[in-house]
Amino acid sequence: MVVLIAHDAAHIQGFAVMRFGDEHAHLLLLCVQPALRQRGIGRRLVAWLLESGRIAGIESVALELRADNAAA
């Protein structure tokens, strides 16, 4: 499992949690502070995780979204 944190000098801006298997991964959590959304923080967290998975030989990444989470 990998936990990735985005932060500035004073605050956590967001985080992501991904579980890696041998060939598949599962993005378990992705969170960005509401006031900091739409600034690319979540996109950069996911990009880092996807690149790490690619290097590790991960073939697919699963994720689940709530039906009421239109922004996701």
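A nonpolar patch of about 590 Å² sits on the surface of this predicted model. Its members are M1, V3, I5, I12, L28 and L29. Strands β1 (2-7) and β3 (24-32) are the elements that each give two or more residues to this nonpolar patch. From there, we can follow strands β2 and β3 to a pair of buried residues, Q13 and H26.

**The patch and strand β2**

- I12, one of the patch residues, belongs to strand β2.
- How exposed is I12? I12 counts as partly exposed because its relative accessibility is 48%, and partly exposed covers the range between the 20% and 50% cut-offs.

**Q13, also in strand β2**

- Q13 is found in strand β2, which covers residues 12-20.
- Is Q13 buried or exposed? Its relative accessibility is 18%, so Q13 counts as buried; the cut-off for buried is under 20%.
- Which residues does Q13 touch, leaving aside those up to four places away in sequence? Q13 is in contact with A6, H7 and D8, with C31, V32 and Q33, and with L36 and I41.

**H26, in strand β3**

- Strand β3, one of the contributors to the patch, is also where H26 lies.
- H26 has a relative accessible area of 19%, and therefore it is buried.
- Once residues up to four places away in sequence are set aside, H26 touches V17, M18 and R19, as well as A62, L63 and E64.

Terms used: Residues are numbered from 1 along each chain as its sequence is written. This is a predicted model: local features need pLDDT of at least 70, side-chain atom pairs count only at pLDDT 80 or more; totals for chains, interfaces and linings use all residues. Side-chain values use heavy atoms; hydrogens and water are left out. Helices (H or I, at least four residues) and strands (E, at least two) are DSSP runs, numbered from the N terminus. Buried means under 20% relative accessible area, exposed over 50%, partly exposed in between (1.4 Å probe, protein chains only). Contact means heavy atoms within 4.5 Å. Patches are made of residues with over 30% relative accessible area and no salt bridge: like charges are joined within 9 Å, nonpolar side chains (Val, Leu, Ile, Met, Phe, Trp, Tyr) within 5 Å. Accessible areas come from the Shrake-Rupley method with a 1.4 Å probe; for residues, only the protein chains shown count as cover. A salt bridge is a side-chain nitrogen of Lys or Arg within 4 Å of a carboxyl oxygen of Asp or Glu.
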